[in-house]
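Reader: I'd like a close look at a single part of this one, the nonpolar core and what packs around it. Could you walk me through it in one go?

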Amino acid sequence: MPTGEDLPPVGNNDQQGKDFRMDMSLFIQFVINGLMLGMMYALVAVGFTIFFGVLDVIVFSHGDTVMLGGFSGLAMYMYLQHVFPGLAPGWSLLWVVLTALTTMALLGMLLASTMIMRLRSAPALNTLLATMMLGTVLRESIRLFFPNGSNPQPFPHLLPDWSLNYGQLSLRFDNLVLFSAGAAAVVLIHLLISRTRLGMAIRAVAQDSEAAQLMGVNFSLVVLTAFALGCGVAALAGIMNGIYYNEINFSMGLLLGAIGFSAAVIGGLGNIYGAILGGFIFAFLQTIGAVALPFSSAYKDVFAFSVVIVLMAWKPTGLLAEKSSQRV
């Protein structure tokens with residue numbers, strides 16, 4: 001018969017169960033954060049892959065398009081606050097999103113018609129340099145001409161800030177809405193590409209632009225639509241980034257552009273589904289680097305990019321390269 005000294009301490013199992021629940025809630029919190037970041041990165045990567053899929057070009061100003069989308073939405077919010085100070089947050093959010101989407105879609109069409117299509121016959125390096133310089137122009141224009149543009153700008157709280165808390169798990173309502181909006185955008189892009197005549201034209205141009213034109217496809221319209229779509233998605237990513245972090249700054253497009261391009265490459269450049277996969281992969285690499293490795297979370301980007309380098313060396317054409325013949 002065991003003595004009192006042989007028995008486990010009273011409450012030990014309860015404490016272990018509590019620690020397990022805390023660990024699980026913390027793990028779920030990290031997964032939720034990774035999903036949220038992954039959705040933003042996926043939207044940026046989708047823009048890169050649309051551009052490459054249609055015209056075989058890399059638009060290095062795309063990250064700054066994300067930044068400009070955030071600032072155009074912020075500018076609309078500041079205008080609404082000045083003209084309609086009592087406007088409900090829901091209406092403000094609607095106008096902010098519509099303004100960002102419309103402005104960036106028009107910018108994408110302008111970029112395609114005045115720069116990208118004119119450089120089609122030039123060496124690919126010319127397009128790379130032109131879009132890189134355009135990104136610098138956009139970035140520096142915000143820094144110089146936006147009020148106090150050199151400093152981070154607080155982004156308005158346009159969604160309810162309540163959350164569901166359980167242990168260390170905090171499920172924010174605004175994060176749920178943002179993730180749902182990003183997922184809806186991805187679904188709409190999929191339906192547009194796979195179920196509509198315009199999508200069929202885009203896929204035809206992506207596969208063989210000359211044959212598509214011989215079959216009567218309006219090449220210019222397809223290119224303009226593709227760039228409007230890619231830049232519009234970037235604007236949505238910029239708004240999501242502002243709401244998620246509660247601020248935006250003129251230089252945020254540099255890192256977002258690098259991450260979005262990396263996500264598109266590791267997923268399979270030119271493959272929309274690969275871009276989405278790459279966005280989530282990069283986000284979870286950052287999450288692992290921030291919480292699961294024995295060094296400071298400041299090195300999470302170093303860890304994520306290092307793993308991306310290894311993935312690129314292992315699969316140079318991307319994880320979903322087998323679908324490259326149907327790139328868009």
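Author: Helices here are DSSP runs of H or I with at least four residues, numbered from the N terminus. With that in hand, V186 sits in helix α5, which covers residues 173-195. Bear in mind that this is a predicted model.

Let's stay with V186 for a moment. Its relative accessibility is 18%, and the cut-off for buried is under 20%, so V186 counts as buried. Setting aside residues up to four places away in sequence, V186 touches M39, L43 and I276. I276 is 90 residues away along the chain, yet the two C-alpha atoms are separated by 8.5 Å.

L43 is a handy link to the core itself. The largest nonpolar core has 80 residues, and L43 is among those with the most contacts inside it, along with V54, L55, F227 and M240. Helix α8 (residues 219-245) supplies the largest share of this core, 16 residues.

Now for F227. If you leave out neighbours within four places in sequence, F227 is in contact with F51, L55, V57 and V59, and also with G108, L111, A112 and I116. L55, then, is both a contact of F227 and another of the residues with the most contacts in the core.

Helix α3 spans residues 89-116, and it has another side to show. L94 lies in α3, and at 38% relative accessibility L94 counts as partly exposed, because that label runs from 20% to 50%. L94 joins W91, W95 and L98 in a nonpolar patch on the surface, with about 430 Å² of accessible area together.

Then there's α4, residues 124-145, which packs against α3 among others. Its 22 residues reach 32 Å from first C-alpha to last, close to the 32 Å expected at 1.5 Å a residue. Buried in α4 are T127, A130, T131, G135, L138, R139 and I142. The buried residues of α4 pack against α2 (62-83), α3 and α9 (252-267).

Zooming out, the chain's secondary structure comes to eleven helices and four strands. Of its 328 residues, 44% count as buried. Among contacts between residues at least 6 apart in sequence, 76% join residues at least 24 apart; the V186 and I276 pair, 90 residues apart, fits that picture. As for the outside, the chain exposes about 16700 Å², with carbon and sulfur atoms supplying 67% of it.

How values were computed. Residues numbered from 1 in each chain as written. Predicted model: local features only at pLDDT ≥ 70, side-chain atom pairs only at ≥ 80, totals over all residues. Heavy atoms only, no water. Patch = residues over 30% accessible without salt bridge, like charges linked within 9 Å, V, L, I, M, F, W, Y side chains within 5 Å. Areas by Shrake-Rupley, 256 points an atom, 1.4 Å probe, with all protein chains shown as cover. Salt bridge = Lys/Arg side-chain N within 4 Å of Asp/Glu carboxyl O. Helix = DSSP H or I, 4+ residues; strand = E, 2+ residues; numbered from the N terminus. Buried < 20%, exposed > 50% of the residue type's maximum accessible area, 1.4 Å probe, protein only. Expected span 1.5 Å × (residues − 1). Contact = heavy atoms within 4.5 Å. Core = buried A, V, L, I, M, F, W, Y, C linked by side-chain atoms within 4.5 Å.
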